Amino acid sequence: MPKLSDLLVPAPLRKTPKPGETGVPKTPATQDLKDNPPEQQTEYGRLGEKALEAPTEALAWVDQRMAASGFLTGMLFRKVPKGTNWFYTLGSATLFAFIVQAVTGVFLAMFYTPSTTQAYTSIAHINNDVFLGQFVHGMHKWGASVMVILIFLHMGRTFFFGAYKYPRELNWVIGVVLLILTMTMAFTGYLLPFDQRSYWASIVGININGTGPIVGPYLSDFLRAGPEFGATTLARFYAIHMLLVPGAIIALIGAHLYLVVKLGTTAPPWVKAGRPKGAMPKAELEAGANGSGRVNGSRVAGPVSGDGNGASA
Ligand code: HEM
């Protein structure tokens with residue numbers, strides 16, 4: 001029986017097994033049919049085989065209609081540079097935290113009422129009466145801090161590894177916008193329980209925004225949704241938290257990951273770039289560049305004129 005990981009490799013990428021090797025052949029398994037002819041298989045065994053193949057067949061059915069395997073192959077089987085380490089998982093960890101927030105948020109939205117008179121009681125209802133309500137609410141609340149911590153760690157990794165440099169500047173800028181949007185999610189979500197703490201903390205937050213130069217007062221007016229902090233503010237925070245910002249985050253994560261796949265990831269700064277296959281040996285290149293045609297006193301083949309283009313007579 002081939003391994004599932006082998007089965008999931010798209011057919012064009014599968015290595016045809018050498019005689020005697022086990023693997024997933026590109027053609028129907030003649031050897032299998034010889035060892036296990038259909039007339040000797042029991043009904044139970046045949047059903048079992050079919051059940052095992054069902055998920056792969058379902059995927060193949062979808063793939064034939066969507067031609068998705070080309071994209072997935074590029075995405076999942078891309079090469080990563082030498083020296084890739086655990087710090088490179090921080091982006092995926094941030095993505096996972098976002099997905100957890102999205103899923104738990106959907107369940108909370110089923111029971112939450114965004115009104116100044118009912119918000120607090122609806123949260124109390126989630127915590128006290130709803131099945132697993134306190135657990136899901138806790139996941140969402142603590143998950144917000146987890147996502148903020150992870151996004152900063154991921155940003156630190158990309159900064160210290162120099163991943164913001166050419167040609168990845170645009171991905172860094174998209175990342176900065178993702179950071180601002182994540183902080184906006186944390187800020188707008190804080191008001192939603194509408195208890196004493198969230199009420200006063202949001203007033204302080206809006207006032208701090210108001211102290212910003214030029215746009216500050218407009219920003220605080222926009223967040224407060226009018227001159228007074230109250231019902232309109234809660235409705236605005238709810239719309240920003242539930243619709244506006246999550247939509248923007250999803251779109252930007254899509255663009256961010258597209259660029260990661262397209263450009264590949266950066267090697268750690270301490271890993272020296274390998275010389276491409278077929279490149280001129282380094283010794284020859286240096287000899288050509290300094291024009292002496294000699295390395296450590298002995299003559300080497302290659303250009304001696306120092307034209308540096310690698311051409312040799
Ligand atoms: C919702 C937030 C974010 C998600 C889900 C996310 C996800 C990812 C993933 C999965 C990668 C692949 C490599 C890795 O994990 O290190 C990546 C790479 C990258 N991210 Fe993010 N990211 C987010 C926020 C940010 C932020 C805030 C910045 C910087 C301000 C940033 C800048 C970058 C850069 C420059 C790369 C390319 C890394 C390289 O070439 O080695 N990202 N991101």
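**Helices, salt bridges and backbone exceptions**

Modeller: Ala225 counts as buried, at a relative accessibility of 17%. This value, like the others below, comes from a predicted model.

Biologist: Where does Ala225 lie, and what is its phi?

Modeller: Ala225 belongs to the loop between helix 10 and helix 11. Most residues other than glycine have a negative phi. Ala225 is not a glycine, yet its phi is positive, near 60°.

Biologist: Which residue in the loop between helix 8 and helix 9 has a positive phi, although it is not a glycine?

Modeller: The loop in question precedes helix 9 (196–210) and follows helix 8. The residue there is buried, with a relative accessible area of 15%. Its phi is about 55°, and the residue is Phe194.

Biologist: Is the peptide bond from Tyr166 to Pro167 cis or trans?

Modeller: Pro167 is located in the loop between helix 7 and helix 8. Most peptide bonds are trans. From Tyr166 to Pro167, however, omega is near 0°, and the bond is cis.

Biologist: How many salt bridges are counted?

Modeller: Side chains of opposite charge can pair when their charged atoms come close. One salt bridge joins Arg46 and Glu43, and another joins Arg224 and Asp221. The count of salt bridges comes to two.

Biologist: How far apart in the helix are Arg46 and Glu43?

Modeller: The side chains of Arg46 and Glu43 form a salt bridge, with an N to O distance of 3.9 Å. Arg46 is partly exposed at 36% relative accessible area, whereas Glu43 is exposed at 53%. Both residues are in helix 3 (residues 43–66), three residues apart, so their separation is about one helical turn.

Biologist: Which partner in the salt bridge of Arg224 with Asp221 is buried?

Modeller: The closest N and O atoms of Arg224 and Asp221 are 3.0 Å apart. The two residues lie three residues apart in helix 10 (residues 216–224), about one turn of the helix. Buried means under 20% relative accessible area. Asp221 is partly exposed at 44%, while the partner at 15% counts as buried, namely Arg224.

Biologist: How are helix 8 and helix 11 oriented to each other?

Modeller: Helix 8 (residues 169–191) packs with helix 11 (residues 231–263) at an angle of about 155°, and their axes are 9 Å apart. An angle over 145 degrees counts as roughly antiparallel. Therefore the orientation of helix 8 to helix 11 is roughly antiparallel.

Biologist: How many nonpolar residues has the contact of helix 8 with helix 11?

Modeller: Helix 8 passes helix 11 in a left-handed crossing. Their contact has no charged residues and nine polar ones, and the nonpolar residues number 20.

Biologist: How many polar residues are in the contact of helix 6 with helix 7?

Modeller: Helix 6 (residues 119–128) and helix 7 (residues 133–160) pack at about 115°, with axes 6 Å apart. Here Ile123, Ile126 and Asn127 of helix 6 meet Gly133, Gln134 and His137 of helix 7. This contact has no charged residues and two nonpolar ones, and the number of polar residues is four.

Biologist: Is Thr94 buried or exposed?

Modeller: Thr94 is part of helix 5 (residues 90–109). Leaving aside residues up to four places away in sequence, Thr94 touches Met147, Leu150, Ile151 and His154. Its relative accessibility is 8%, so Thr94 counts as buried.

How values were computed: Residues numbered from 1 in each chain as written. Predicted model: local features only at pLDDT ≥ 70, side-chain atom pairs only at ≥ 80, totals over all residues. Heavy atoms only, no water. Helix = DSSP H or I, 4+ residues; strand = E, 2+ residues; numbered from the N terminus. Buried < 20%, exposed > 50% of the residue type's maximum accessible area, 1.4 Å probe, protein only. Contact = heavy atoms within 4.5 Å. Axes fitted to C-alpha atoms, helices over the stretch in contact; angles between N-to-C directions. Parallel < 35°, antiparallel > 145°, perpendicular 65-115°, else oblique. Left-handed = near helix turned anticlockwise from the far one by under 90°. Nonpolar A, V, L, I, M, F, W, Y, C, P; charged D, E, K, R; others polar. Salt bridge = Lys/Arg side-chain N within 4 Å of Asp/Glu carboxyl O.
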